[in-house]
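Reader: I would like to learn how to read a structure like this one, feature by feature. Could you take me through it?

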Amino acid sequence: MGTGDAGVAHERQKSIARNSLLIRSLPDHHVDILLGQAVWRSYERGETLFLQEEKAQAIHVVIDGWVKLFRMTPTGAEAVVSVFTRGESFGEAVALKNMPYPVSAEAVTTCEVMHIPSSVFLSLMRRDPEICISILASTFGHLHSLVAQLEQLKAQTGAQRVAEFLLNLSDCSDGACEVTLPYDKMLIAGRLGMKPESLSRAFARLKDAGVTVKRNHAEISDIAQLRDYAESDPAESWSKG
């Protein structure tokens with residue numbers, strides 16, 4: 001990749017970071033400071049970001065790809081706690097309180113992650129209390145997102161929830177689009193509160209809405225068509241599955 005291409009790629013990374021729930025709530029005059037002191041890293045699928053009980057020293061924002069947080073049970077089994085993708089942040093609480101991670105983090109696809117040193121964040125918070133208000137706003141934003149997910153569980157069919165999920169991941173406002181998914185579809189099922197077999201049925205039903213899944217890619221033939229499906233009256237969608 002040439003110098004010019006690298007510059008364009010980094011500007012793209014910064015643009016995604018600026019629009020993340022954590023960063024977009026911050027005062028503009030502090031955003032450049034945070035982005036300037038952040039560490040930008042790429043990870044291969046299966047690579048570890050941090051380990052359980054390791055001291056937390058940064059807040060993490062996913063720029064591209066997928067990251068899972070998991071704990072090891074006493075029996076040695078892996079319990080997935082959460083899954084994060086583009087524009088989502090994690091690790092805020094433990095980093096700001098200087099605590100060890102209660103979970104491990106692993107890249108489940110090739111991904112790009114921005115790490116903001118907690119010392120930088122804390123320094124800005126002490127200098128400007130307005131950042132503390134912004135962090136509260138971000139926290140409430142996370143809460144509202146969870147409430148919206150609960151509403152979707154009740155108000156939408158499984159296929160509609162998957163359609164909404166794909167729309168949120170897409171870069172396109174119209175036309176055809178392709179979305180990269182984890183190879184392990186159980187992670188998506190867990191994220192959407194569905195059983196793996198229910199997710200498979202939902203993807204099958206979305207074929208009529210122009211969605212084709214090939215390995216870890218979902219090909220959307222028409223964003224507008226999929227949006228219409230996601231927003232249609234659930235009573236109509238039940239008959240479609």
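Reader: Which residue in S6 is the bridge partner of Val61?

Author: Strands of a sheet pair through backbone hydrogen bonds, either parallel or antiparallel. In this predicted model, the partner of Val61 in S6 is Ser89. That pair belongs to the antiparallel match of strand S3 (residues 58–64) with S6, which runs over two bridges.

Reader: In what order do the four strands of the open sheet stand?

Author: The order is S1-S8-S3-S6, with antiparallel pairing. Strand S1 (39–43) and strand S6 (89–90) are at the edges; each has a single partner strand, so one side of each has no neighbour in the sheet.

Reader: Now the other pairings. Which strands does S11 pair with, and over how many bridges?

Author: Take them one at a time. Strand S9 (residues 177–180) runs antiparallel to S11 and is joined to S11 by four bridges. Within S11, Ile220 is the bridge partner of Cys177. Strand S10 (residues 211–214) also pairs with S11 in the antiparallel sense, over four bridges. Here Lys214 stands opposite His217.

Reader: What should I look for in the hairpin of S10 and S11?

Author: Look at the turn. Two residues lie between the strands, and Arg215 takes a positive phi near 55°.

Reader: Which residues of S11 are on the covered face, and which on the uncovered one?

Author: Read the strand by its two faces. In S11 (residues 217–220), Ala218 and Ile220 make up the covered face, while His217 and Glu219 make up the uncovered one. Ala218 can be followed further: its relative accessible area is 0%, so Ala218 is buried, the cut-off being under 20%.

Reader: What does Ala218 touch, leaving out residues up to four places away in sequence?

Author: Ala218 touches Leu166, Cys177, Glu178, Val179, Leu181, Thr212 and Val213. One of these, Leu166, is 52 residues from Ala218 along the chain, yet their C-alpha atoms are separated by 8.0 Å. For the chain as a whole, 73% of the contacts with a separation of 6 or more are between residues 24 or more positions apart.

Reader: Is Thr85 buried or exposed?

Author: Thr85, in strand S5 (residues 78–85), has 6% relative accessibility and therefore counts as buried. Outside its neighbours within four places in sequence, Thr85 is in contact with Val62, Gly65, Trp66, Leu169 and Arg191.

Reader: On to cysteines. How many disulfides does the structure hold?

Author: The structure holds zero disulfides. Accessibility is a separate reading. Cys172, at 26%, counts as partly exposed, whereas Cys177 is buried at 9%.

Reader: How do I read a helix, and which residues of H5 are buried?

Author: Sort its residues by burial, then look down the axis. In H5 (residues 118–127), the buried residues are Ser118, Val120, Phe121, Leu124 and Met125. Viewed down the axis of H5, these fall within an arc of 160°, so they line one face of the helix. On the face turned away from that buried side are the exposed residues Ser119, Arg126 and Arg127.

Reader: Which residues have the most contacts inside the largest nonpolar core?

Author: That core has 37 residues, and the ones with the most contacts inside it are Leu49, Phe90, Met114 and Phe121. A second, separate core has 30 residues, among them Ala189, Leu199, Ala209 and Val211. Back in the largest core, Phe90 shows how to list contacts. Residues up to four places away in sequence are not counted, and Phe90 touches Leu49, Phe50, Ile59, His60, Val62, Val67, Leu69, Phe84 and Ala105.

Reader: Loops next. Where does Ser232 lie, and what does its side chain reach?

Author: Place the residue, then check its burial and its polar contacts. Ser232 lies in the loop between helix H10 (223–231) and helix H11 (234–240). With a relative accessible area of 16%, Ser232 is buried. Its side chain reaches the backbone oxygen of Tyr229 at 2.8 Å.

Reader: Last, the totals. How many helices and strands are there, and what share of the residues count as buried?

Author: The chain has eleven helices and eleven strands. Of its 241 residues, 42% count as buried.

Technical notes. Residues numbered from 1 in each chain as written. Predicted model: local features only at pLDDT ≥ 70, side-chain atom pairs only at ≥ 80, totals over all residues. Heavy atoms only, no water. Buried < 20%, exposed > 50% of the residue type's maximum accessible area, 1.4 Å probe, protein only. Pairing = 2+ DSSP bridges. Polar contact = N/O pair within 3.5 Å; in protein donor to acceptor, adjacent residues only side chain to side chain. Disulfide = S-S within 2.5 Å. Core = buried A, V, L, I, M, F, W, Y, C linked by side-chain atoms within 4.5 Å. Contact = heavy atoms within 4.5 Å. Arc of directions from axis to C-beta.
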